[in-house]
Amino acid sequence: MLTNHIFDSIKLEYADMLDMSSLCRVIKLFKPDEIYNLAAQSHVKISFDQPIYTSEVVALGTLRLLEAVKLIRPQAKVYQASSSEMFGNSIDEDGFQRETTSMAPVSPYGCAKVYAYNICNNYRNAYGLFISNGILFNHESPRRGINFVTNKVAREAVRIKLGKSKKLTLGNLKATRDWGNAKDYVYAMWLILNQNKPSDYICASGISKSVEQLCEYTFSSLNMDYKKYVTTDARYHRPQELNDLKGDSTKLLNIGWKAKYTFEDTIDEMVEHWLN
Ligand code: F7E
């Protein structure tokens with residue numbers, strides 16, 4: 001298991017974003033100084049199939065957490081996992097999304113994240129709580145679920161290489177994403193919360209690649225031509241697609257963040273994981 005190494009150093013408790021009393025219970029129990037809200041139904045395509053559940057967890061779940069913090073532990077700092085999905089197809093003239101880019105989400109998940117982002121800013125301003133939004137673009141690692149495109153491609157390319165599978169079926173190959181490494185982005189979360197004042201920050205690599213380019217790199221790293229194996233099927237298409245993402249992290253770079261890993265490092269790490 002990828003997470004076994006950490007179980008001796010952490011204490012787990014049950015709680016649920018749908019159950020405010022459970023959030024109150026763990027906050028009373030641990031009296032945390034820092035709270036990182038990464039809880040979500042985070043799969044964009046699934047959010048079209050389960051829009052109400054997604055919104056309950058992502059949007060109202062965040063509000064339940066903020067209410068619990070306000071009532072029980074107002075001195076805690078709160079990190080909110082905001083998402084590049086909030087921008088939808090809104091792009092600045094130079095091709096980037098940044099903190100000032102307007103938000104026009106194109107999925108129930110994106111809409112719910114916009115609500116969560118807005119209620120965080122509202123609670124920061126109305127009640128003086130220390131709440132910061134990290135607006136993170138796609139960040140990947142071998143721990144990524146295999147129904148997200150990077151790990152789906154890495155896993156299936158390795159299975160094809162090993163003769164365990166014959167083809168990889170995907171949806172939209174033309175969409176572009178700004179893919180970074182989860183380790184760099186988790187450091188950003190900590191850095192964002194450890195500033196003197198709460199604020200909102202973009203975290204992105206600033207480099208955008210298409211799903212097709214992801215396939216090309218992954219298969220060629222295993223000495224294969226993706227064109228021989230990759231097919232597409234409408235069942236993996238979304239009712240509305242977010243076409244292009246590329247983030248400008250200038251504000252985060254100015255407080256000392258710097259990515260250590262490239263897109264290629266990250267995909268290599270995922271391929272290596274499946275090979276092992
Ligand atoms: O899709 C296309 C798909 O599901 C990336 C979440 O962490 O990042 C993630 O959301 C792209 C899309 O991630 C398949 O249409 C093609 O254009 O890996 P994904 P996502 O939707 O960008 C944001 C920042 C979040 O906040 C989310 O929680 O790849 N694509 N074919 C496919 N995607 C999937 N999953 N499967 C395919 O077969």
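**Ile-267 and the ligand shell**

Ile-267 is part of helix α9, which spans residues 263-275. In this predicted model, Ile-267 has a relative accessible area of 2% and is therefore classed as buried, the cut-off for that class being under 20%. Beyond its neighbours within four places in sequence, Ile-267 is in contact with Thr-150, Leu-214, Tyr-217 and Thr-218. Val-57, by comparison, is separated from Ile-267 by 210 residues in sequence, and the C-alpha to C-alpha distance between Ile-267 and Val-57 is 30 Å.

The surroundings of the ligand were examined next. The ligand is surrounded by 22 residues, of which Ser-42, Ser-83, Arg-177, Arg-238 and Glu-241 are the closest. By residue class, the shell around the ligand comprises 9 nonpolar, 8 polar and 5 charged residues.

Polar contacts with the ligand involve both side-chain and backbone atoms of the protein, as the following cases show. For Ser-83, a polar atom of the side chain is placed 2.6 Å from a ligand oxygen atom. In the case of Arg-177, the distance between an N or O atom of the side chain and an oxygen atom of the ligand is 2.7 Å. At Asn-147, it is a backbone N or O atom that approaches the ligand, lying 2.8 Å from one of its nitrogen atoms. The ligand exposes 700 Å² when taken alone, and 95% of that area is buried by the protein.

How values were computed
Residues numbered from 1 in each chain as written. Predicted model: local features only at pLDDT ≥ 70, side-chain atom pairs only at ≥ 80, totals over all residues. Heavy atoms only, no water. Near = heavy atom within 4 Å. Polar contact = N/O pair within 3.5 Å; in protein donor to acceptor, adjacent residues only side chain to side chain. Areas by Shrake-Rupley, 256 points an atom, 1.4 Å probe, with all protein chains shown as cover. Nonpolar A, V, L, I, M, F, W, Y, C, P; charged D, E, K, R; others polar. Helix = DSSP H or I, 4+ residues; strand = E, 2+ residues; numbered from the N terminus. Buried < 20%, exposed > 50% of the residue type's maximum accessible area, 1.4 Å probe, protein only. Contact = heavy atoms within 4.5 Å.
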